[in-house]
Amino acid sequence: MSKTIGIMGCGWLGKPLALVLLKKDFIVKGTTTQIFKLDGLRSSGIDPYIVELRETFIDGGIEAFLADLDVLVINIPPGLRANPQSDFAGRIRLLLTNINTFKNIKQLLYVSSTAVFEDGADIPTYDESSTPNAQDQKGKKLIAAEQLIVDGFENSTIIRPGGLIGGDRHPVKYLAGKSEISNPDAPVNLTNRDYLIDVIENVIHGKIGSPVVHAISEEHASRESYYSKMARELNLELPLFDDGESVGKKCTSTIL
């Protein structure tokens, strides 16, 4: 009998992930916060639901979505850039309360971020054994959300990608033509969408059993060399970096 996979957040990453899983004969249920996307998800073979995590309640059909799931992938943007005061950990806690009422869910995957680690002038290296240490407000909220997942669901996997690239999405498009860009010598920590989908699929299949996985697909070239190279490849105006000291980090994996 085919497993039923639930994907919370069928957007830029979640929908392509769902399409890959459908081709592997999984049954896929997915959520969106936008009604106009329901027909597109349904026509792709995804069983769609409107679900939105709010500060004190979950709007939409969370119970119907969670029913009959074997595996749940949580891939929801924290929204902390637009709303830094948002209680993201509180929303995750509320979601876990609902998840844990459904004993059919045997596996939980949470797509987090390498933003749980602090940059430094010494360019520290972090792997899966490193303790999250971010000091900014966003990082602390992401750390709190991760800890809730670990404490709240026994068979959980935290997947930490870097900056996401793929399709028509690439940060060089926002840097092209700009000047005085900071941290020229800091390494990039980037993850291609197809690579991340492959990692998620391997966790679901049990090929990756670690409770924490760093999913970084690109080489750790310096920001200046990497973005200059990408600008040339995409025929974009070169970004210009300052000559100041750099702070950054290198996120690696001992598993992948």
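In this predicted model, a good place to begin is the ring of Trp-12, because the side chain of Arg-169 lies over its face, 4.5 Å from the ring centre, which meets the condition that CZ of an Arg be within 6 Å of the centre and within 35 degrees of the ring normal. The charged end of Arg-193 also sits over the ring of Trp-12, and here too the distance to the ring centre is 4.5 Å.

A little further along the chain comes Gly-14, which belongs to helix H1, the run of residues 14-23. Gly-14 has a relative accessible area of 1% and is therefore buried, since that word is used for residues under 20%. Although Gly-14 and Ile-76 stand 62 residues apart along the chain, their C-alpha atoms are separated by 9.0 Å in the model.

From here we can turn to the nonpolar interior. The largest nonpolar core has 34 residues, and those that touch the most other members are Phe-65, Leu-66, Leu-72, Ile-74, Ile-92 and Ile-99. Several elements each supply at least two residues of this core, namely the strands S3 (47-53), S5 (71-74) and S6 (107-111), together with the helices H3 (62-66), H4 (88-99) and H5. Among these contributors, H4 gives the most, with 6 residues.

Aromatic rings can also be examined in pairs, and a search of the whole structure finds 3 aromatic pairs. One of the pairs is formed by Phe-117 and Tyr-126, whose ring centres are 4.4 Å apart and whose planes meet at 15°, so this pair is stacked; the reasoning rests on the rule that planes under 30 degrees apart count as stacked. Phe-117 and Tyr-126 are both buried.

The last stop is a pocket, and helix H5, already met in the core, appears again in its lining. The second largest pocket has a volume of about 200 Å³. It is lined by 14 residues, of which Glu-146, Gln-147, Val-150, Arg-160 and Val-212 are the closest to the pocket's centre. Two elements give two or more residues to this lining, helix H5 (137-152) and strand S8 (156-161), and the largest share, 4 residues, comes from H5. In chemical character the lining of the second largest pocket is mixed, with 7 nonpolar, 3 polar and 4 charged residues.

Key:
Residues numbered from 1 in each chain as written. Predicted model: local features only at pLDDT ≥ 70, side-chain atom pairs only at ≥ 80, totals over all residues. Heavy atoms only, no water. 1 Å grid on protein atoms, 1.4 Å probe; cavity = no way out; pocket = protein on both sides within 12 Å on 5 of 7 lines; lining within 4 Å. Points joined across faces, edges and corners; volume = space filled by probe spheres on them. Nonpolar A, V, L, I, M, F, W, Y, C, P; charged D, E, K, R; others polar. Phe/Tyr/Trp six-rings, centres within 6.5 Å; stacked < 30°, edge-to-face > 60°. Buried < 20%, exposed > 50% of the residue type's maximum accessible area, 1.4 Å probe, protein only. Core = buried A, V, L, I, M, F, W, Y, C linked by side-chain atoms within 4.5 Å.
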